[in-house]
Amino acid sequence: MSESSSTRTQAPLEPGWQSVLSEEFEKDYMKSLRAFLVQEKQNGKTVFPKSTDVFNAFNHTPFDNVKVVIIGQDPYHGQGQAHGLAFSVQKGITVPPSLKNIYKELETDIEGFNKPDHGSLMQWADDGVLLLNATLTVRAHEAGSHQGKGWEIFTDRAIQLLSEERDNLVFLLWGKFAQNKSVLIDENKHTILKAAHPSPFSAYNGFFGCKHFSKSNEVLIEKGLQPVDWQIT
């Protein structure tokens, strides 16, 4: 198989993440997840993102480099959209509604922010923003189709490890789903900022005007850390 689903849960991770998450790959839930992904392939299902992109959030934002964490729920399920980063789509793909609203908030929150002509947030990932979906794969055109198969256990563990082993991180929890992850985070060590989800269905209920981007940088600067460059080129 040129696109072997069996490799989806075995891809090498960035060394820092590999050192803290390696045990997860040997656990029963991950073996079950791996079997499920193989079965999807055998059943002729198309799964997004492609296998080499599944762990992009971890590989573009090393464990020791994480400054801000943004938690999403599911990868995009349209052709060519998902590439392993929450809320992000590949260049050349139409910017989704939630990301359009994120850009709108940035325009009012970050002085001089210019809305980019694409939806790739790779620059954020490379600058220390962990764009983590709770579920890392999805069946084409079937939202939520890979939920409850084991990915959430894995990503919850990643959040726990960040909370336990790192200090002074900022967690941006947008919407009820992300906010439920707050139980995994030590609020004595980290900053949690909550707002409505940027979806068109909820953005006007508290996402617009939340100023999470400038607030994140204020926290980082206060802790003597380098702020995030939110501008995307």
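Colleague: What makes E2 and strand E5 a pair, and how many bridges join them?

Modeller: DSSP must find at least two bridges between two strands for them to pair; three join E2 to E5 (residues 170-174), so the criterion is met, and the two run parallel. Isoleucine 70 stands opposite leucine 172 in E5. This is a predicted model, in which local features need pLDDT of at least 70 and side-chain atom pairs pLDDT 80 or more, while totals for chains, interfaces and linings use all residues. Residues are numbered from 1 along each chain as its sequence is written, and side-chain values use heavy atoms, without hydrogens and water.

Colleague: What makes a stretch of residues a strand or a helix here?

Modeller: Both are DSSP runs numbered from the N terminus: helices are H or I with at least four residues, strands E with at least two.

Colleague: Why does one side of E3 and of strand E6 have no neighbour in the sheet?

Modeller: The open sheet has four strands in the order E3-E2-E5-E6, with parallel pairing. E3 and E6 (191-195) stand at its edges with a single partner strand each, so one side of each is left without a neighbour. Neighbouring strands are turned by 20° against each other on average, direction ignored.

Colleague: How do you know that helix H6 packs on the sheet, and which strands does it touch?

Modeller: Contact means heavy atoms within 4.5 Å, and H6 (residues 151-165) touches E2, E3 and E5. Its direction makes about 150° with that of E3; axes are lines fitted to C-alpha atoms, for helices over the stretch in contact, and angles run from 0 to 180 degrees between N-to-C directions. Helix H8 (residues 212-222) lies across E2, E5 and E6, at about 160° to E5.

Colleague: Why is the aromatic pair of tryptophan 17 and phenylalanine 63 called edge-to-face?

Modeller: Rings of Phe, Tyr and Trp (its six-membered ring) pair if their centres lie within 6.5 Å; planes under 30 degrees apart count as stacked, over 60 as edge-to-face and the rest as tilted. Here the centres are 4.9 Å apart and the planes make 85°, so the pair is edge-to-face. Tryptophan 17 lies in helix H1 (residues 15-21) and phenylalanine 63 in the loop between helix H3 (56-60) and E2, so the pair ties together parts 46 residues apart in sequence.

Colleague: What is unusual about the phi of phenylalanine 87, and where is this residue found?

Modeller: Phenylalanine 87 has a positive phi of about 70° although it is not a glycine, and it is found in the loop between E2 and H4.
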